[in-house]
There are 2 protein chains.
Amino acid sequence: MTKTAGRPPRNETDILEFRKKVSQHAMALYRDKGFEAVSMRRLSKAVGCAPTTLYAHFQGKTEILMLLWADVLDEMTQHVQESLKRKTEPTERLKAAALAFVGYWIDHPDHFRLVFMSNDVGRSDVDSFIETGDVQGSFQMFADLVRNLNPKRSDVKVRTDAVVAGMIGVALCSITICNYPWPTVSKMTGQLIAGITATPQ
Amino acid sequence: MTKTAGRPPRNETDILEFRKKVSQHAMALYRDKGFEAVSMRRLSKAVGCAPTTLYAHFQGKTEILMLLWADVLDEMTQHVQESLKRKTEPTERLKAAALAFVGYWIDHPDHFRLVFMSNDVGRSDVDSFIETGDVQGSFQMFADLVRNLNPKRSDVKVRTDAVVAGMIGVALCSITICNYPWPTVSKMTGQLIAGITATPQ
DNA sequence: TAGTTTTATGGAACGCGTATCAATTAATCA
DNA sequence: TGATTAATTGATACGCGTTCCATAAAACTA
């Protein structure tokens, strides 16, 4: 921890400031021009730095795209919350939330790709530091809904995560394998929820 | 149906022959060098034509990648069948198959990306003619397993497709959101199957 | 055979993500 | 001030998917 000569490393706040700046420009690009507009070259031009500089602050495009997760997940969460209005019965609430969840992704396939298909599959051993706080927060909502089904049960997390992953799968399949005659989203999510409400044998 | 002047369209068999040739070279590239080796430039070099020529025969890379689906799905199916040996009880069989299914994708994330993440999400209005025969065949196996749980029930397709989509979601989440503390694959698939075996309320 | 019409091809180009590397700028210490 | 060290930059390069366009090739009609 001794001071050395020469230019000191980046200031902590400067780092955050730069990351925030990049995040804002990336967000603006994504919202205004869509997924494909968020390129390293265009983004660096918007930020006002060289494309190479971005690689000094982020380990790659994937890490930058993750900055956009929070926005999308917030919007999705709000959409789900909206669907819960005037619903009181726990099962009905979960069902409505699930439908809204899957529906959101199907209505916004670009957002789905952003969150769930941006990672470099196959190179996952490399990308080490991923913030999952956003994801965790968005899934909390479902944990509450599941808990309210039967507050006495202790396996809330397993059932929640299973149904969330299941819903994501339903969205993925409906979006990408669009020529296979999938049942309606409503039917499939209903089936997933049947597993949640069932009593363990 | 009158004959017109000028060079006639490609011969039907020639078309199939060329597609087969491309398919074989793509397969060899994928098996030998991996996903990233299957590029339009390398593939065209292997085939012996210009990169542009490929676009005269396929509408894009996605359509070429789909030629590889059958191989992967066959291997996956075989792996699942393997897991069924010496399993007789219907629920146990379904559970074993589900575990093998998800496990296969997690063990081969490149294959997962190939089949489930190759489509151009967002441009799905364009890519019209996708062969889903491969997929359909691979899912048939699960339809049988689900039917055997309770041959009297008529909602086999809904329950099968829901659990298949759910398993794909489990695989997707485990692969791409690898820093979120998902429950074990075994627990999540078990949860999905609970919905299959449950009796409708 | 000459001309016409349609298909098939390949070269060039665009923008992309990413890596390398030398040169420059900035901030600190001696 | 000068030396030292880190951050930033620009140029260059590779391979990628894809599109455009001019040209070659093939099969017909006259």
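Helix α5(A) passes helix α6(A) in a right-handed crossing (the near helix is turned clockwise from the far one by less than a right angle). This is a predicted model, in which local features need pLDDT of at least 70, side-chain atom pairs count only at pLDDT 80 or more, and totals for chains, interfaces and linings use all residues. Residues are numbered from 1 along each chain as its sequence is written, chains are lettered from A in the order in which they are written, and side-chain values use heavy atoms, without hydrogens and water.

**Helices α5 and α6 of chain A**

- The axes of α5(A), residues 69-83, and α6(A), residues 90-107, come within 8 Å and cross at roughly 140 degrees.
- The two helices are therefore oblique to each other (neither under 35, nor over 145, nor 65 to 115 degrees).
- Residues of α5(A), including Val72(A), Met76(A) and Val80(A), meet residues of α6(A), among them Ala97(A), Phe101(A) and Trp105(A), where contact means heavy atoms within 4.5 Å.

**Helix α9 across chains A and B**

- The axes of α9(A) and α9(B), each spanning residues 156-176, come within 6 Å and cross at roughly 105 degrees.
- That angle makes α9(A) roughly perpendicular to α9(B).
- The contact involves, among others, Ala165(A), Gly169(A) and Cys173(A) of α9(A) and Ala165(B), Gly169(B) and Cys173(B) of α9(B).

**Leu114 of chain B**

- Leu114(B) is found in helix α7 of chain B, residues 109-116.
- Leu114(B) is buried (under 20% relative accessible area), with a value of 0%.
- The C-alpha atoms of Leu114(B) and Val72(B) are separated by 8.8 Å, although the residues are 42 apart along the chain.

Terms used:
Axes fitted to C-alpha atoms, helices over the stretch in contact; angles between N-to-C directions. Helix = DSSP H or I, 4+ residues; strand = E, 2+ residues; numbered from the N terminus. Buried < 20%, exposed > 50% of the residue type's maximum accessible area, 1.4 Å probe, protein only.
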